[in-house]
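Visitor: Could you show me how to read the features of a structure, one at a time? I would like the general idea and then the case at hand.

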Amino acid sequence: MCRNIHTLHNFEPAATNDEIHAAALQYVRKIAGTTKPSKANQAAFDHAVAEIAHITGHLLEDLVAVAPPKNREEEAAKARARAEASGRYAPRVA
């Protein structure tokens, strides 16, 4: 799966429409094999993004979480720490 698509379920606050759209866009880009479709394919590309974002919103509303919601800032900090530990990124300078 595309590593730019992040988990959206069971976070507090809940995923925004912008986050859902961004995930749908990344998914369609991955499936289509392009980040910028041709003019001939733009309408199909945009339609797919809208449909996937729409159904993703329904999915997130319908999912039941058994664990307490995760904190976005804490999860982002953990991801940064993992990336820095792996050597992929330099530590952030405050």
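Guide: What follows is a short tour of helix α1, its partner α2 and a few single residues. This is a predicted model, where local features need pLDDT of at least 70, side-chain atom pairs count only at pLDDT 80 or more, and totals for chains, interfaces and linings use all residues. Residues are numbered from 1 along each chain as its sequence is written, and side-chain values use heavy atoms, with hydrogens and water left out.

Visitor: How many residues does helix α1 have, and what span does it reach?

Guide: Helices (H or I, at least four residues) and strands (E, at least two) are DSSP runs, numbered from the N terminus. The expected span of a helix is 1.5 Å times one less than its number of residues. Here α1 covers residues 17–32, which is 16 residues, and reaches 22 Å from first C-alpha to last, close to the expected 22 Å. Glycine 33 follows α1, with a positive phi near 80°.

Visitor: Which residues of α1 are buried?

Guide: Buried means under 20% relative accessible area, exposed over 50%, and partly exposed in between (1.4 Å probe, protein chains only). In α1 the buried residues are Ile20, Ala23, Ala24, Leu25, Gln26 and Val28, and they pack against α2, residues 42–62.

Visitor: What does isoleucine 20 touch?

Guide: Contact means heavy atoms within 4.5 Å. Leaving aside residues up to four places away in sequence, isoleucine 20 touches Leu8, Ala15, Ala53, Thr56, Gly57 and Leu60. Isoleucine 20 counts as buried because its relative accessibility is 8%. Its C-alpha lies 9.6 Å from that of histidine 6, 14 residues apart in sequence.

Visitor: At what angle do α1 and α2 pack?

Guide: Two packed helices are described by the angle between their axes and the distance between the axes. Axes are lines fitted to C-alpha atoms, for helices over the stretch in contact, and angles run from 0 to 180 degrees between N-to-C directions. For α1 and α2 the angle is about 130° and the axes are 8 Å apart. The two helices are therefore oblique to each other; angles under 35 degrees count as roughly parallel, over 145 as roughly antiparallel, 65 to 115 as roughly perpendicular and the rest as oblique.

Visitor: Which residues meet across that pair?

Guide: From α1 come Ile20, His21, Ala24, Leu25, Tyr27, Val28, Arg29 and Ala32; from α2 come Phe45, Ala48, Val49, Ile52, Ala53, Thr56, Gly57 and Leu60. By class, this contact has 12 nonpolar, three polar and one charged residues. Ala, Val, Leu, Ile, Met, Phe, Trp, Tyr, Cys and Pro count as nonpolar, Asp, Glu, Lys and Arg as charged, and the others, Gly among them, as polar.

Visitor: What should I look for in the backbone?

Guide: Most residues other than glycine have a negative phi, and most peptide bonds are trans. Asparagine 10 has a positive phi, near 65°, and sits in the segment before β1. The peptide bond from glutamate 12 to proline 13 is cis, with omega near 0°, and proline 13 lies in the loop between β1 (11–12) and α1.

Visitor: Is valine 64 buried or exposed?

Guide: Valine 64 is exposed, because its relative accessible area is 70%, and its place is the loop between α2 and β2 (70–71). Glutamate 51, in helix α2, is partly exposed at 44%. By contrast, asparagine 10 is buried, with a relative accessible area of 16%.
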